[in-house]
Every structure is written in C-alpha cells, then in structure tokens.
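Let's work through a few exercises together, one step at a time. Keep the sequence and the structure open beside you as you go.

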Amino acid sequence: GTYAIPDMNNGFARFNQTAKNINFLRMMGGVTISSFPDFARLIMADGVFRAFGGSFRHLSRGLTGIDNIAADELRYYGIGIDAFVNGRGGRLQAISDINEYVVGNTKIEKGLEYLSNKMGQINLMNRWTGAMKTIHAIGMQTKVMDTLLKGKYDHRLFRLGISESDAIKIRDNVKKHGKKDGTAWVYNAKNWDDQELAIKWYQALKKESDRVIVVPGQEKPLFMSRELGKTTMQFKSFMMSATQRVTIAGIQRQDAHLMQGVLFMIGMGALTYVYKNKEAGREVDLSPQALIIEGIDRSGALGILMEVNNMAEIISAGNLGLRALFNVDNPGSRYASRGVTESFLGPTYGSLGDQFFRVVTGLSSGDDFKKSDLRNVRRLIPYQNLSGFRVGIDKIEESIGEQFNLR
C-alpha cells in the first residue's frame, strides 16, 4: 500500500492532495448511511446466527456500563478501534483515496488535513466501522473455536496463514485460558502460553475483518496510485476492492450464506437509496425494478460493473444500461449530481474546478447570479452534505434564494 508515494515538494502533488481533501469534506458527509450494506457482508461471511448470535449481547453491554470483555480483547489487538483513533490509515480515508502519510506546509493544507481527520468522528463512520468489525470478529472467532472443538479445521484459516497445527494450539490455549460468555468465545489471548501465536491469530483475524468490512487495499490498478490517476479516480477504490472481495469472490461460492448476504445487501442498498433521496428532496421510485437496480448499485454487489453501467447511462442520456432495459425512467441516484465531465475526469478536474469557475463567473456577473450559482457555492462548503445537517443547509439555501429573488 505504499506504491508511488508522492513528493510533497512537488506543487502538482500538493494541489491534488488539497483538492482531494476539499472533495472529501464536501462530498462524504453521508457515507455512513451509504455503508448500511456492511450488515449484509457479516451475513455473507458467517450467516445470520453466527454473525449476530453472540455479538449483539456483548455490544449492548457498552450501553449499560457492563464490561464488554470480548470487544475489549479485540481492541487490545487493534481490531475495531476505528472510533478511538484519528489520522491517516483508516477505512474512511482509504475509501476516499486520501490515505497518504504526508502533510503540506501551508496553514490551508494543515487545516484541511485536520478537518479531514475529524470527519470520521463527525459523520460517525469511524464508530460504524468499529462496530461492524467487532461484530464480525466476535462471530468469526466463536465459529472457529466451536469448529475446532468438534475436531474440524475451518479452511479459511489456511488462507489466513493459520495451519492445522497452529489451529490445534489455538484451541488448546483457549480451552486453558479462555471461556465461553453466553454464546460467544472470549479467547483471553493475553494469558496464552504462546504470545507469538496470539499475535499471529489476531493479525489473521484483522486481515479477515478488513476483507469482510471492505477496506480498499491492493486490488486497484497501479495507475490509481500515481498522482493523476488517484485524483481522477477518487472515490473509486471501494468499487475496485468490492469487485474482488464481493463480486468475484461471490461467484466462486454457492451456499446459503452467500444468497442471504446478497439479498440483504440489495435490500440495504434500496433502503439507502430511499433515505438519501428523501433527505435530498428528490423523487423516490418505489417500483420493484427501480428498488432492485438502486439496491444493487448502492450495495456494491457488482463492484465496478455498476460504475460502468452508470457512466453508460449518463453518456447515452439514459438510453443504454440497466435502467433503460427495465424501463426505469429516473436516472441513477448515486450519479444524480454528476455530469459526463465528472464521470470521466473525477471530482477534482470534472466537478470542483467547474463549480469554482461557475461561482466566480456568477459573482462577477452581478445581477445575473442565479439559484444554480448559489447551489454551486453551497457544494463547495465543507460538511454541506452531512446527513441530518444537510436538511438545515437546504433550508438556508432556499431562504437566501427567496431573500434575493434568485431565479
């Protein structure tokens, strides 16, 4: 994950980094709502009962003041700590393609870095990610231990670098030092006889957690790590990773957990579509075909394939793509505010520059300043689309438009 680290003495690199931070602050306020399909990834990994059977009991203890020993143990080894750390390297930064360990020299650059680092706490994405990873990890290690006690070997451990002999040692250490709290196993790995094995186990568990709760990694093409590529392709890393970890991996599986997960992903994607459109004041198409297509689009179930479909729909003015095939009139909601230029050049060169130019033109034209110019001003403001908060911004924008009789 350190390919093509930028030289921040280069003005072009610093401009791109600044622009990406601005895009992040003005566009990612609703990302937590968009992450609702993460629930389905838990089901896809272990099934409904395994995913939630023992986890919710432990997570709910945090609301009652009772010690949550299962979650605390995971956090000790660095799993589910997203809500307690700030800075680069988190899931939200990876999704937004701003996870670079460099900071500019000017006050503007440092200020944007500071605001970007706080974004995950303000929009609650860090807490959401931490909760999802904790639920998954508790469910997974409980299933692994139950399977080992039956004398069987969970074959996904091989993929994670845990051999059968290591698995037997893990079982013996848990039997000696751990305990079952309700339906969930607490490994108590700090007291294991073999601490190297404990670290190896939790490294494997963290790796699997980042795969299930998709944290973009090395799946993207190398050009997306170069300066121009990562700027024009900003916000595309998640779809690239989902193509590998969800779409291709799902094609290779044929089981009930996969089917449950896919159906649940589409359902949660459809719920996200309804909520987002209601919040933005856009029309909601509740026809089955529209809900299914929007559910697939919002869920990430088809990865980059839906990105290609959405771009084809924009270029063809809705005459090509899934929506045209199933007679859905409304355009894709995820691309509702994007044009052809932004689809190809990304949010910096295709959107940020265009909106800034229109704002300057509108302000310089005096009496010709329109509602569309006011909307462009609004879209440049950090946190302007933060879920819940954006409703108030909409009201302010509407009031200003009426006050100055903007057309």
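## Exercise 1: Two neighbouring rings

**Task.** Decide whether Trp 201 is buried or exposed, then work out how its ring is placed against the ring of Tyr 202.

**Solution.**
- Step 1. Trp 201 has a relative accessibility of 0%, so this residue counts as buried. Keep in mind that the model is a predicted one.
- Step 2. Tyr 202 is buried too, because its relative accessible area is 1% and the cut-off for buried is under 20%.
- Step 3. The ring centres of Trp 201 and Tyr 202 are 6.4 Å apart, and the planes meet at 70°. An angle over 60 degrees counts as edge-to-face, so that is the label for this pair.
- Step 4. Now widen the view: Trp 201 and Tyr 202 belong to a cluster linked by ring pairs, together with Tyr 76, Tyr 77, Tyr 187 and Trp 192.
- Step 5. Take Tyr 76 from that cluster: Lys 190 lies over the face of its ring, 4.6 Å from the ring centre.

## Exercise 2: A pair across the sequence

**Task.** How many aromatic pairs does the whole structure hold, and which parts does the pair of Phe 39 and Trp 128 tie together?

**Solution.**
- Step 1. Searching the whole structure gives 7 aromatic pairs.
- Step 2. One of them joins Phe 39 and Trp 128, edge-to-face, with 5.4 Å from centre to centre and 85° between the planes.
- Step 3. Phe 39 sits in helix α3 (residues 38-52) and Trp 128 in helix α8, so the pair connects parts 89 residues apart in sequence.
- Step 4. Check the accessibility of each partner: Phe 39, at 21%, counts as partly exposed, whereas Trp 128, at 14%, counts as buried.

## Exercise 3: Checking a helix

**Task.** Test whether the span of helix α8 agrees with 1.5 Å a residue.

**Solution.**
- Step 1. Helix α8 runs over residues 125-149, which makes 25 residues.
- Step 2. Multiply 1.5 Å by one less than the number of residues; the expected span of α8 is 36 Å.
- Step 3. The end C-alpha atoms of α8 are 36 Å apart, so the two values agree.
- Step 4. Look at the cover: 21 of the 25 residues in α8 are buried.
- Step 5. Just after α8 comes Gly 151, with a positive phi of about 80°.

## Exercise 4: A serine in a helix

**Task.** Find where Ser 241 lies and which residues it touches.

**Solution.**
- Step 1. Ser 241 is in helix α13 (residues 237-251).
- Step 2. With a relative accessible area of 1%, Ser 241 is buried.
- Step 3. Leaving out residues up to four places away in sequence, Ser 241 touches Val 214, Pro 216, Gly 217, Glu 219 and Val 246.

Technical notes. Residues numbered from 1 in each chain as written. Predicted model: local features only at pLDDT ≥ 70, side-chain atom pairs only at ≥ 80, totals over all residues. Heavy atoms only, no water. Helix = DSSP H or I, 4+ residues; strand = E, 2+ residues; numbered from the N terminus. Buried < 20%, exposed > 50% of the residue type's maximum accessible area, 1.4 Å probe, protein only. Contact = heavy atoms within 4.5 Å. Phe/Tyr/Trp six-rings, centres within 6.5 Å; stacked < 30°, edge-to-face > 60°. Lys NZ or Arg CZ within 6 Å of the ring centre and 35° of its normal.
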